[in-house]
Amino acid sequence: MNRTVLSVGAVTVALAAVTGVAALTAPGEAASSAESLGTAARKPVERSTLVCPSPSTSDVAETTYEAFTPKGGPGKKGGAALYPAERADPEDPADGKDGKGDKDDKGSEEGAGGEETAEKEKGNGKPFLSLSSPGTPVAAETDDPEAPALTGTADGPFAPGWTVQQTTTVAAGAGRGLQGTSCSVPDTSFWFPGASTAEGRQDYVHLTNPDSTPAVVDLELYGKEGEEKAEQAGQGSGEGITVPPHATVPVLLSTLTPEPVTNVTLHVVARSGRVGAQVQSSDRKLGGDWLAPAADPGPGQVLPGIPEDATAVRLSVLAPGGADADLKVQLAGKSGRISPAGHESLHVKAGMVTTVDLKGLIKGEAGSLVLSPAEDGEDAPDVVAAARVLRGKGSKQETAFVPATVPVQKRATAAGNTARGTTLALAAPEGGAKVRVTASPGSGGGSAKSTTVTLKAHTTKAFTPPRPADGKGGYAVTVERLSGGPVYASRTLEREQSGVSGFTVQTLPDDRSTVAVPESAQDLSVLNDD
């Protein structure tokens, strides 16, 4: 199944600017669109949507949510709230799977663009978590093994940079340890390198539809070349999964492959509508965590914030196009970039997963993996990448994932930080940069606190971020790039439980709190003809 996917756009935007319309384009169209639009101003988004997956079915799990929006959004009226989603059964024809559907069906404008009103969303019931004011985080907790997925929107001053962190502590059993994820923005295409259908591991992809019309989703699996079972785990499995409105569908990946496959890459494609998608990985011996979507395919990728005490790092790379990719593999550490001994380069065959265990990569110093084309040129094949990271030894090992991410163009935020066990990693793989890091007030009080950080070129700086003055409860950390080259960021949370140091890593992509808006009404009339 070969398909070119055009992303509708990650954030639903309603602009009250003079033009009243926002233009969203695919990356390959950016240059031509810029020419046709002329000068474009950047305006704050006025509506955004988030999706949080169902946290855990364990009877010994406790989940904390923390929501936050930075100050400075437009207007004075608005709100941000998350509501429970229904759970649908993918095996029930009336629920999750009603046939293959029409592969050319693009869905209604409402389903693809999320135009349903806040009043319809409120019809889902009482909000589980809502913000009272920008600049102050709000927290909620649950220990319900049937806790639902959540969907919701933010508008007005609550929309730009709205962030929700979901952190679960699982006391025992498969997946025990700390599982964390940032609630995601719905879209039409997601890549998950680092997934698995191996024995002893259960990977579920959670598909959640925030809109008022059904979404139809295909799941494509890619395996390693040369293995028969990996070939059987090829493209074409999991077609035509219907995700009902305001509902979630969990799919166990091992049901899509006739035999266990240790390393697979999952591609989630919404052929109509849009969904939020995240993979929950549970291992009987190595704990578990959420695997967030990796950055879209590109010739180079950056995986920021490999912890300083990582005992094993497994890198998974896929070249989804029709050409092989040759990559340089480097680690941007405290003092600069180095090439791991024996793994200076990586050959990735087209359409096949390439996995390498980077033994001895981390030697007491946090770093960021930097993948770049082995040869300069504009025709380098695109790749997607993620790393599985282990800490501890023997029966006390714990798992987390670090997917490739996009740089912080202007601002990014991580909620759910705690006074102990929080580490922020900032990488400047190209040129140096200057960054402002701000801690919000705590969910229980306090005041914001900021510091400025200077990053040297080709390095990663890992440190404890500032904490709110006299703060109580969890707090948010906002990263703002002030000057210099690209900055990539991640945040690590850790918590010891029964002698096991549980940890989870969330990357911090740019929060896309602004959108380019053409300044000329005449230019917009051209777009509206499309």
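## Cavities and salt bridges

The residues lining the second largest cavity divide into two nonpolar, four polar and three charged, where Ala, Val, Leu, Ile, Met, Phe, Trp, Tyr, Cys and Pro count as nonpolar, Asp, Glu, Lys and Arg as charged, and the others, Gly among them, as polar. This is a predicted model, in which local features need pLDDT of at least 70 and side-chain atom pairs count only at pLDDT 80 or more, while totals for chains, interfaces and linings use all residues. Residues are numbered from 1 along each chain as its sequence is written, and side-chain values use heavy atoms, with hydrogens and water left out.

Back to that cavity: its volume is about 40 Å³. A cavity here is a set of points, on a 1 Å grid over the protein atoms alone, where a 1.4 Å probe fits but cannot get out, and lining residues have an atom within 4 Å of a point. The volume is the space filled by probe spheres set on the points, which are joined across faces, edges and corners. Among the lining residues are Arg201, Asp283, Arg388 and Phe401. Strands β17 (276-283), β18 (287-291) and β27 (398-403) each supply at least two residues of this lining; strands are DSSP runs of E, at least two residues long, numbered from the N terminus.

The whole structure holds four cavities of 30 Å³ or more. The largest has a volume of about 50 Å³, and its lining includes Arg201, Arg314, Arg388 and Phe401. By class, that lining has one nonpolar, four polar and three charged residues.

Now to the charged pairs. There are nine salt bridges, each a side-chain nitrogen of Lys or Arg within 4 Å of a carboxyl oxygen of Asp or Glu. Three of them are shown here.

| Acid | Base | Closest N and O atoms |
|---|---|---|
| Aspartate 211 | Arginine 274 | 2.8 Å |
| Glutamate 480 | Arginine 436 | 3.1 Å |
| Glutamate 494 | Arginine 391 | 3.3 Å |

Glutamate 494 lies in strand β34 (residues 488-497) and arginine 391 in strand β26 (residues 384-391), so their salt bridge ties together parts that are 103 residues apart in sequence. Arginine 391 is buried at 6% relative accessible area, whereas glutamate 494 is partly exposed at 32%; buried means under 20%, exposed over 50%, and partly exposed in between (1.4 Å probe, protein chains only). Salt bridges that share partners join Asp309, Arg391 and Glu494 into one network.

As for the aspartate 211 pair, aspartate 211 is buried at 0% relative accessibility, and arginine 274 is buried at 2%.

Terms used. On a 1 Å grid over the protein atoms alone, a cavity is a set of points where a 1.4 Å probe fits but cannot get out, and a pocket is an open set with protein on both sides within 12 Å along at least five of seven lines; lining residues have an atom within 4 Å of a point. Helices (H or I, at least four residues) and strands (E, at least two) are DSSP runs, numbered from the N terminus.
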